[in-house]
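Reader: Hi! I'm new to this, so could you walk me through a structure in plain words?
Author: Happy to, let's put it up first.

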Amino acid sequence: MANKLPGFIPQELRQLARFIPRSGWDVIDWKPMLGSMRTVSWRYVSRRGVNELAARIKAVAEPVRLVNSLDDTERLTDLDDSRRLSRSGDDILRLYFSQWLVPSGMFIDLRLARFGADDAGLLFNPNGLWIELRTDFREGMLALYRSFYSSDDSAFDKALRQMGMLHEDLSPTASEELKQLLYNHFGIDQRSQRFSIDSFKASFDELFSFFVSHDYKLHSDFVFVGFYLITLYLTLEQLGQSHNVRKICAEVLLPEAAAKPE
């Protein structure tokens, strides 16, 4: 199906679209999806809005530094020190979580080619693949990640409803199945996680299978967040280190939780 996308869509987006299972294309709401694809494709070609968004993300992305070029910098593929690789991966995770804090958009391409390193740490050179999510969806994702630290069992449900993922007409059994699938997909329990794109794709496939079975129509926001996660998994798998995802998420999105003992 990715090969049947409109011709204006750049190869970088087509590569990500191939991760959507064949049946999954049937549950996408195509009107907003094509509109978003057209917008993001134009941004990629023109780099429109890149500098403005980078300026906003710089304020929350420390210690990652956003740069206009990676010329004369060391590429992460050239690093042979496991400590530097691990620190770089941790900082990519910090960038991933920090972008949820920015209402005006997020850069969705976290593939390895976008990163470099120098003596001071990680450098990120964003391209024009950026998306502005609907407010309810973005804030729902923030609430979802924060709900993993909450003793309030209803926080997870509330976050999913805010994102439009948990439909009122689902049976109790189907609701529990979907919640488990989404928890497995977005969950951050692991304190020593190694990233596998095959595991992510299996989780993605299971979610789309559920959506097909229950006649969902997915907004483009969910699909683009899937692309965002795909690029994260691809990069962290290539770096090959384990990461305390739970701790990093807390440091970025819930500082009071980060202060508690592990």
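Author: Let's start with a definition: buried means under 20% relative accessible area, exposed means over 50%, and partly exposed is in between, using a 1.4 Å probe and protein chains only.
Reader: Okay, and what should I know about the model itself?
Author: This is a predicted model, where local features need pLDDT of at least 70 and side-chain atom pairs count only at pLDDT 80 or more, while totals for chains, interfaces and linings use all residues. Residues are numbered from 1 along each chain as its sequence is written, and side-chain values use heavy atoms, with hydrogens and water left out.
Reader: Cool. Is K179 buried or exposed?
Author: K179 counts as buried, because its relative accessibility is 12%.
Reader: And what does K179 pair with?
Author: K179 forms a salt bridge with E176, at 2.7 Å from N to O. A salt bridge here is a side-chain nitrogen of Lys or Arg within 4 Å of a carboxyl oxygen of Asp or Glu. E176 is partly exposed, because its relative accessible area is 47%.
Reader: Where are K179 and E176?
Author: Both sit in helix α7 (residues 172-186), 3 residues apart, which is about one turn of the helix. Helices (H or I, at least four residues) and strands (E, at least two) are DSSP runs, numbered from the N terminus.
Reader: How many salt bridges are there in the whole structure?
Author: A search of the whole structure finds 13. Another one links R94 to D91, with the closest N and O atoms 2.8 Å apart. R94 and D91 are 3 residues apart in helix α4 (residues 82-98), and both are buried.
Reader: Which other pair could I look at?
Author: Try K201 and D205, whose side chains meet in a salt bridge at 3.3 Å, N to O. These two lie in helix α8 (residues 197-213), 4 residues apart, about one turn of the helix. K201 is partly exposed, with a relative accessible area of 28%, and D205 also counts as partly exposed, at 28% relative accessibility.
Reader: Which residues are joined into one network by salt bridges that share partners?
Author: D91, R94, K247 and E251 are.
Reader: Switching topic: how do α6 and α7 pack?
Author: Helix α6 (residues 154-163) and α7 have axes 12 Å apart, at an angle of about 90 degrees. So α6 is roughly perpendicular to α7. Angles of 65 to 115 degrees count as roughly perpendicular, under 35 as roughly parallel, over 145 as roughly antiparallel and the rest as oblique. The axes are lines fitted to C-alpha atoms, for helices over the stretch in contact, and angles run from 0 to 180 degrees between N-to-C directions.
Reader: Which residues make the contact between α6 and α7?
Author: F156, D157 and L160 of α6 meet K179, L182 and Y183 of α7, where contact means heavy atoms within 4.5 Å. So our friend K179 turns up again here.
Reader: Nice! What about α4 and α9?
Author: The axes of α4 and helix α9 (residues 220-239) come within 10 Å and cross at roughly 170 degrees. That makes α4 roughly antiparallel to α9. Residues in the contact include L85, G89 and I92 of α4, along with Y228, L229 and L232 of α9.
Reader: Where's the greasy middle?
Author: The largest nonpolar core has 89 residues, and F97, W100, Y145, F186, F211, F222 and F227 have the most contacts inside it. A nonpolar core is a set of buried Ala, Val, Leu, Ile, Met, Phe, Trp, Tyr and Cys residues joined through side-chain atoms within 4.5 Å. The largest share of this core, 12 residues, comes from α9.
Reader: What does F222 touch, apart from its neighbours within four places in sequence?
Author: F222 is in contact with F137, M165, F186, F204, L207, F208 and F211.
Reader: And how enclosed is α10?
Author: Helix α10 (residues 245-253) has 7 of its 9 residues buried, so it is largely enclosed by the rest of the structure. Among the buried ones are V245, R246 and I248.
Reader: Last topic: any odd backbone spots?
Author: E62 and P63 are joined by a cis peptide bond, with omega about 10 degrees. P63 is in the loop between α3 (50-58) and β1 (65-66). D72 has a positive phi, near 65 degrees, although D72 is not a glycine. You'll find D72 in the loop between β1 and β2 (74-75), and D72 counts as exposed because its relative accessibility is 85%.
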